[in-house]
Protein chains: 2
Amino acid sequence: MNTRSFSQWMSDIQQRTETALDHALPAAAIAPARLHEAMRYAVLGGGKRVRPLLVHAAGQLTGASPERLDRVACALEMIHAYSLVHDDMPCMDDDTLRRGKPTVHVQYDDATALLVGDALQTLAFLHLSDAPVSDDPLRQIAMIRQLALASGSRGMAGGQAIDLASVGAQLSLAELEFMHIHKTGALIRASIGLGVQCGRSLSEEETASLDHVGKVIGLLFQVVDDILDAEADTATLGKTAGKDAANDKPTYVSLLGVVRARELAEEMCQDALDRLAPFGDAARRLSELTRFIVRRQF
Amino acid sequence: MNTRSFSQWMSDIQQRTETALDHALPAAAIAPARLHEAMRYAVLGGGKRVRPLLVHAAGQLTGASPERLDRVACALEMIHAYSLVHDDMPCMDDDTLRRGKPTVHVQYDDATALLVGDALQTLAFLHLSDAPVSDDPLRQIAMIRQLALASGSRGMAGGQAIDLASVGAQLSLAELEFMHIHKTGALIRASIGLGVQCGRSLSEEETASLDHVGKVIGLLFQVVDDILDAEADTATLGKTAGKDAANDKPTYVSLLGVVRARELAEEMCQDALDRLAPFGDAARRLSELTRFIVRRQF
């Protein structure tokens with residue numbers, strides 16, 4: 001495996017995502033200017049762009065065009081950014097730091113943060129319906145539907161609601177997993193599913209296998225997040241560290257301890273890699289990205 | 001004109017909308033139960049259902065099927081309901097009464113209200129992509145796009161941002177109109193546009209004419225709302241009356257006075273009716289509804 005070329009690929013995707021988002025967001029000069037400026041503040045100039053990386057890596061499995069993958073990646077990143085803006089608000093996690101910058105409600109105000117999140121979610125659906133992302137319009141409709149399912153009350157927003165209800169509660173590992181499958185997992189799973197669908201059709205078996213990979217990577221991502229939150233300091237993380245423990249939130253680390261959580265991450269990573277192996281070289285970026293997610297330090 | 005039959009039609013549409021929304025919303029028993037219960041609380045059992053009425057009235061112009069119109073009507077009503085839940089929150093209008101009931105953040109809590117609004121917006125896009133609303137999938141994608149445009153930063157959410165910025169400010173009539181074209185007008189205009197598109201295709205001229213009607217009814221609705229807010233009492237309105245003046249918000253009444261605002265409403269109504277006349281009997285419900293909107297007392 002050529003690590004140098006993977007990090008180059010990653011940086012290329014991050015850069016083209018930044019450019020695509022810059023074009024997709026309304027210019028700050030367009031009225032209402034303050035809202036548009038705040039939307040750009042929330043989305044641009046930061047973030048690991050994990051969902052766009054997954055979209056592009058998954059798109060390689062079906063030979064999807066980079067332009068279509070950019071469109072899907074932007075829609076997912078807008079949903080992700082909206083959820084961060086709302087999660088950081090005083091009535092939710094009340095966080096002041098995100099990606100090394102003041103959160104939107106701190107930089108602007110609560111009302112603006114509320115509207116920024118609302119408008120970013122709408123923009124995701126506008127963007128996904130604004131140009132073809134598949135040769136088949138029926139598949140495009142199904143993709144819009146899939147983004148909505150992954151984001152809504154039975155996906156990401158639902159996971160957030162379960163998370164709220166779980167503060168200070170004693171969760172079992174199964175309950176913790178249920179929460180994360182929704183809160184973080186649904187959108188990560190959709191990133192792979194939507195990226196794949198930008199290209200040629202796959203067999204039912206292949207689709208099911210990649211959906212399993214998406215589910216595993218979604219959970220894996222959260223396990224690693226919990227480990228990093230427990231171990232890293234605020235400067236490395238670019239957001240407030242140790243806040244899960246401070247907020248008395250259950251995590252994989254609080255349930256399993258760091259050592260077992262690390263083992264679990266490695267097992268999940270291997271499960272995903274095994275599923276990707278039959279796809280051969282077309283799965284190269286997605287395999288590399290899976291390994292990277294487990295070993296990342298931020 | 002048979003008034004009795006119009007009020008019967010209106011009550012039929014309101015009833016079938018209630019049933020359609022009841023089916024479209026996740027059951028309160030489905031996890032996360034508290035979120036789903038609160039979403040149902042926000043949407044069901046109240047509201048004038050103006051947007052669904054407009055959808056169904058407009059759909060008669062193109063012979064659209066009632067089932068498709070229900071689907072479009074539900075999507076619009078979900079967007080409308082989400083905007084009310086978020087607008088009522090403490091960081092926005094801080095209102096405690098809506099449709100004669102405590103607002104969502106009062107009945108539940110701020111975090112739940114935030115998530116309810118978020119998830120209702122998502123559900124609107126899920127619902128509009130979940131089954132055909134046109135024979136042509138490309139048109140369905142365009143309809144999803146139109147809903148997003150009307151709801152986002154250059155539509156409803158943008159109007160909300162302009163409204164926030166205008167509190168205590170001296171607006172001209174043109175600026176007030178610009179705000180309302182976005183805040184309330186965009187979604188009302190989209191109700192007519194989307195209802196029409198559920199049926200047979202119209203000529204470019206007919207489409208443009210109906211879009212003008214949508215724009216006029218959107219403003220008209222706000223002019224009447226301002227008059228009612230200035231004149232009615234809280235019990236009749238089912239929401240806090242006189243709050244615009246209390247919040248020092250510019251309105252048509254504060255700019256023009258009640259008499260001139262009433263005249264303006266009548267002029268706009270006539271403009272819309274003139275545009276609808278060439279459509280003959282197919283425009284009957286939309287004409288009746290336009291007159292009703294001007295004369296309503298709540």
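The following paragraphs describe the nonpolar core, a buried helix and the internal cavities of a predicted model. Local features required pLDDT of at least 70 and side-chain atom pairs pLDDT 80 or more, whereas totals for chains, interfaces and linings use all residues. Residues are numbered from 1 along each chain as its sequence is written, chains are lettered from A in the order in which they are written, and side-chain values use heavy atoms, without hydrogens or water.

The largest nonpolar core (buried Ala, Val, Leu, Ile, Met, Phe, Trp, Tyr and Cys residues joined through side-chain atoms within 4.5 Å; buried means under 20% relative accessible area, 1.4 Å probe, protein chains only) comprises 108 residues. Leu147(A) and Leu147(B) have the most contacts inside this core. Beyond its neighbours within four places in sequence, Leu147(A) is in contact (heavy atoms within 4.5 Å) with residues including Ala75(A), Phe125(A) and Leu194(A).

Helix H2 of chain A (residues 33–43; helices are DSSP runs of H or I, at least four residues, numbered from the N terminus) is largely enclosed by the rest of the structure, because 8 of its 11 residues are buried. Among them are His36(A), Arg40(A) and Tyr41(A).

Six cavities of 30 Å³ or more were found, a cavity being a set of points on a 1 Å grid over the protein atoms alone where a 1.4 Å probe fits but cannot get out. The second largest holds about 110 Å³. Tyr41(A) and Ala42(A) are among the residues of its lining (an atom within 4 Å of a point), to which H4(A) gives the most, with 3 residues.

Terms used: Buried < 20%, exposed > 50% of the residue type's maximum accessible area, 1.4 Å probe, protein only. Helix = DSSP H or I, 4+ residues; strand = E, 2+ residues; numbered from the N terminus. 1 Å grid on protein atoms, 1.4 Å probe; cavity = no way out; pocket = protein on both sides within 12 Å on 5 of 7 lines; lining within 4 Å. Points joined across faces, edges and corners; volume = space filled by probe spheres on them.
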